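Visitor: Could you take me closely through the charged side-chain pairs here, and then follow one of them into the parts around it? I would like a single connected account rather than a list.

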Amino acid sequence: MLPESRTSSSGHDARFVGLVHRMEPRAVLRRAWTLEGGISAQVTALEVREPNGDVRRLIVRQHGAGDLKRNPQVAADEFRVLAALRLAGIPVPAPVFLDDSREFFATPVLVVEYMDGETDFTGLNLAGIVSQSAAVLAKLHNLSIDMLDLPRLPQIECEVTELLSSPHGLHRSIPEIAPLFEALASSPPPSSCGTPRLLHGDFWPGNLLWNAGRLVAVIDWEDAALGDPLAELANARLETLWAYGHDPMRDFTRLYLHAASINPSALPFWDLVVATCASVRLAAWGLDAATESRFRGLLEVFARKAVDRLSTG
């Protein structure tokens, strides 16, 4: 699912032994090992022998302080979101168990099925990656939230309001950000984006699992939100640009818009919002100097095109 840590352990951590016993008293924990690549959550893989002798792999997600501060119920909410999406046919890990007792861990933990796949897309067919990614995002956004059993989720537009208010004055302390803020200030959020849709909240290649060239799962749903699907499309466009380049980004956008049948008139605004957020946060992502420089160059072009499209209507 994610790259395995070099310090994989076959030891029996008492916390995970207790968790497995709570899920199924007759099951036996064979081993537990940390998976690298988790950013907002600590991710641990378990190998469990079921009472009938079958061996099953599971993933335990322990959400970090940032997620818990934003939403203390993030584990329970993610469980419900995954359950709803599985029923709707979206490729996500099946939720298996929610332990909010705090008996074994300091915070609630979520257990999901282990998906046999990798986030590494090296060597895969680029056209297939782009088309499958666009298709699954469009399928997600085409879902009617009224037909889904969802928890109370944040509204993506609230984050835009916070960004534009800029309480910390980031646009004043980082000179290159100022033109983006000025462009946003002169182009207020669209007054109506239609019916809000369910958004993943962080749709990028690192949250897509591939197996034999097939997209098998979209993972890490702790940032799920409601709002304008074009907000998520804009973010996915930038991530696609960074990962694959300009032409794949254009292909991704075209395929998504065809499948989602969404009016793209507000896309330049959301492109600019995403570009502004990325400009502010990029330095904190821990990228090597060469990668950060490349990202900033592509981001500058992405932002400039958004401003040009806004200015020409």
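Guide: In this predicted model, Arg 309 and Asp 271 form a salt bridge whose closest N and O atoms are 2.7 Å apart. Arg 309 belongs to helix α11 (residues 289–311) and Asp 271 to helix α10 (residues 267–281), so this pair ties together parts that are 38 residues apart in sequence. The two partners differ in their cover, since Arg 309 is partly exposed at 29% relative accessibility, whereas Asp 271 is buried, with a relative accessible area of 0%.

Elsewhere, salt bridges with shared partners link Arg 30, Arg 31, Glu 47 and Arg 57 into one network. Within that network, the side chains of Arg 31 and Glu 47 meet at 3.9 Å, N to O. Arg 31 lies in strand β1 (residues 28–34) and Glu 47 in strand β2 (residues 41–49), so here the parts tied together are 16 residues apart in sequence. Again a partly exposed arginine faces a buried acid: Arg 31 has a relative accessible area of 21%, just across the 20% limit below which a residue counts as buried, while Glu 47 has 11%. By the rule applied to this model, the count of salt bridges comes to 21.

The pair to follow inward is Asp 99 with Arg 22, whose closest N and O atoms are 3.4 Å apart. Asp 99 sits in strand β4 and Arg 22 in helix α1 (residues 14–23), so the bridge ties together parts that are 77 residues apart in sequence. Asp 99 counts as buried because its relative accessibility is 4%, and Arg 22 is partly exposed at 35%.

Strand β4 (residues 95–99), which holds Asp 99, is joined by four bridges to β5, and the two strands run antiparallel. One of the bridge partnerships here is that of Pro 95 with Val 112 in β5. Pro 95, itself in strand β4, counts as buried because its relative accessibility is 19%, a value that lies under the 20% limit. Leaving out residues up to four places away in sequence, Pro 95 touches Phe 79, Leu 82, Ala 83, Arg 86, Val 111 and Val 112. Its C-alpha lies 7.7 Å from that of Leu 110, although Pro 95 and Leu 110 are 15 residues apart in sequence.

Strand β5 (residues 109–113) is mostly covered, with four of its five residues buried. Besides its pairing with β4, β5 pairs with strand β3 (residues 55–63), also in the antiparallel sense and over four bridges. There, Val 111 of β5 is the bridge partner of Val 60.

Helix α3 (residues 74–88) comes into this picture through its buried residues, which pack against β3, α2 (65–70), β4, β5, α4 (126–141) and β6 (197–199). The buried residues of α3 are Val 74, Ala 75, Asp 77, Glu 78, Val 81, Leu 82, Ala 84 and Leu 85. The spacing within that set can be read against a general rule: an α-helix has 3.6 residues a turn, so residues three or four places apart point the same way. The 15 residues of α3 reach 21 Å from first C-alpha to last, close to the 21 Å expected at 1.5 Å a residue. After α3 comes Gly 89, whose phi is positive, near 85°.

Leu 85 leads from α3 to the largest nonpolar core, where, of 70 residues, Leu 85, Leu 198 and Trp 221 touch the most other members. Apart from its neighbours within four places in sequence, Leu 198 is in contact with Leu 85, Leu 140, His 141, Ile 145, Leu 148, Leu 150, Leu 153, Ala 224, Ala 225 and Leu 226. A second, separate core has 14 residues, including Leu 29, Ala 32, Val 109 and Val 111; the last of these is the β5 residue that partners Val 60.

As for the setting of these pairs, the protein has eleven helices and nine strands, and 48% of its 313 residues count as buried. Among contacts between residues at least 6 apart in sequence, 69% join residues at least 24 apart. The surface that the protein exposes comes to about 15300 Å², with carbon and sulfur atoms supplying 52% of it.

Note on methods: Residues numbered from 1 in each chain as written. Predicted model: local features only at pLDDT ≥ 70, side-chain atom pairs only at ≥ 80, totals over all residues. Heavy atoms only, no water. Buried < 20%, exposed > 50% of the residue type's maximum accessible area, 1.4 Å probe, protein only. Pairing = 2+ DSSP bridges. Contact = heavy atoms within 4.5 Å. Areas by Shrake-Rupley, 256 points an atom, 1.4 Å probe, with all protein chains shown as cover. Expected span 1.5 Å × (residues − 1). Salt bridge = Lys/Arg side-chain N within 4 Å of Asp/Glu carboxyl O. Core = buried A, V, L, I, M, F, W, Y, C linked by side-chain atoms within 4.5 Å.
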